[in-house]
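Me: Please take a close look at one part of this model and explain how it is placed in the rest of the chain. I should like a connected account that starts from that part and then works outwards.

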Amino acid sequence: MMNLAERHQFILSRLQKDQYINVVDLCKELKVSSVTIRKDLKLLEDKSLLFRTHGGATVNNPYTVDRPVNEKEKIQSTEKNKIGIAAASLINDNDSIVIASGTTVLYFAKNIASGTNLTVVTSALNVALELMREPSIEVIQLGGLLRKSSSSVMGSYAEQVLQDFYFNKLFLGVDGIDLDFGLTTTNAMEAHLNRKMIGVSQKTIVLADSTKFGKRGFGKICGLEEIDHIITDKGISEQIVKHLEGLGVTVTIV
């Protein structure tokens with residue numbers, strides 16, 4: 001059996017490899033109790049070597065903060081563009097889709113093939129402005145309270161309009177994806193609007209770069225079992241991919 005220092009080294013090595021570790025898995029691998037593992041994780045967190053989460057730990061700060069859209073657009077831009085290209089390949093002619101807000105879904109909008117016949121409903125002003133240049137795409141902009149940090153609308157007006165539609169696909173951006181807590185954003189009203197979008201969509205496709213995994217925002221959108229497909233980049237750990245696929249979620253890595 002490993003001593004304290006050896007256990008801590010094992011935990012940190014696993015975290016370096018997988019970005020996230022689960023208490024139950026560590027108990028099995030190290031042959032110790034969950035109480036011992038939780039104490040180990042607390043000691044390592046006190047040394048600022050990891051962040052504890054519900055049921056495990058991560059190397060990244062799991063709590064997201066709101067940032068202006070022009071600042072977020074510059075983060076992981078190469079990965080977001082690749083994700084946008086992959087998402088655009090899922091579009092079929094004459095689809096009716098709903099696009100939520102976020103910088104990754106803006107890259108998706110930029111990569112929709114010219115000449116595609118499409119009906120788009122969106123809460124994002126920047127997405128609407130991007131797509132209005134394309135004659136073959138009919139754009140319906142939701143109205144409501146303007147959230148300046150995400151260049152999007154939210155609130156009861158937007159939610160009421162959604163009740164009159166049903167979509168083939170929802171393309172959803174998020175601020176955090178936690179294996180236990182699910183999908184989140186930093187704003188509770190936006191999370192509520194996103195839930196309404198899921199309810200009127202046949203298929204929910206999440207566009208999220210790998211830095212979003214292991215993080216939580218203030219407002220919960222839904223559990224992982226409620227989504228169909230996640231498109232992300234190569235930074236995602238194999239452990240997270242297996243967990244998602246075990247829930248029946250299709251994972252596309254670009």
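**Helix H6 and its surroundings**

Reply: Within helix H6, the buried residues are Thr-103, Thr-104, Val-105, Leu-106, Tyr-107, Phe-108 and Ala-109. The model is a predicted one. Seven of the eight residues of H6 are buried, and the helix is thus mostly covered. An α-helix has 3.6 residues a turn, so residues three or four places apart point the same way. In H6, however, the buried residues run consecutively from Thr-103 to Ala-109.

The helix spans residues 103-110, and Thr-103 belongs to it. Thr-103 has a relative accessible area of 6%; because the limit for a buried residue is under 20%, Thr-103 counts as buried. Its polar partner is Lys-80: the side chains of Thr-103 and Lys-80 make a polar contact at 2.8 Å.

Further along H6, Phe-108 has 0% relative accessibility and is therefore counted as buried. Phe-108 has two kinds of association to consider, one with a nonpolar core and one with another ring. As to the ring, the structure holds two aromatic pairs. In one of them, the ring centres of Phe-108 and Phe-171 are 4.2 Å apart and the planes are at 25°; because planes under 30 degrees apart count as stacked, this pair is stacked. The pair joins distant parts of the chain, since Phe-108 lies in helix H6 and Phe-171 in strand S9, 63 residues apart. Phe-171, like its partner, is buried, with a relative accessibility of 0%.

Strand S9 leads on to the largest nonpolar core. That core has 35 residues, of which Leu-172, Ile-177, Leu-183, Val-206 and Leu-244 touch the most other members. Strand S9 (167-173) is among the elements that give two or more residues to this core, along with strand S8 (152-154), helix H8 (156-162), helix H9 (188-199), strand S13 (219-222) and helix H10 (238-246). Helix H9 supplies the largest share, four residues. A second, separate core of 22 residues includes Phe-108 of the helix under discussion, as well as Ile-83, Ala-87 and Ile-99.

Returning to the largest core, Val-206 illustrates its contacts. Leaving aside residues up to four places away in sequence, Val-206 touches Leu-172, Val-174, Ile-177, Leu-183, Ile-227, His-229, Ile-230 and Ile-231. Elsewhere, a charge meets a ring: the charged end of Lys-220 sits over the ring of Phe-181, 5.1 Å from its centre.

The N-terminal region offers a contrast in exposure. UniProt, in an unreviewed entry, places the feature "domain: HTH deoR-type" at residues 4-59. Over residues 4-59, the chain is 64% helix and 16% strand, with the end C-alpha atoms 20 Å apart. Lys-31 lies in the loop between helix H2 (23-30) and helix H3 (34-46). Although Lys-31 is not a glycine, its phi is positive, at about 55°. Lys-31 has a relative accessibility of 66% and therefore counts as exposed. Ser-48 occupies the loop between H3 and strand S2 (51-53). Ser-48 is likewise not a glycine but has a positive phi, about 60°. With 66% relative accessibility, Ser-48 also counts as exposed.

Note on methods
Residues numbered from 1 in each chain as written. Predicted model: local features only at pLDDT ≥ 70, side-chain atom pairs only at ≥ 80, totals over all residues. Heavy atoms only, no water. Buried < 20%, exposed > 50% of the residue type's maximum accessible area, 1.4 Å probe, protein only. Polar contact = N/O pair within 3.5 Å; in protein donor to acceptor, adjacent residues only side chain to side chain. Core = buried A, V, L, I, M, F, W, Y, C linked by side-chain atoms within 4.5 Å. Contact = heavy atoms within 4.5 Å. Phe/Tyr/Trp six-rings, centres within 6.5 Å; stacked < 30°, edge-to-face > 60°. Lys NZ or Arg CZ within 6 Å of the ring centre and 35° of its normal. UniProt positions renumbered as here; feature names shortened; annotations may be inferred.
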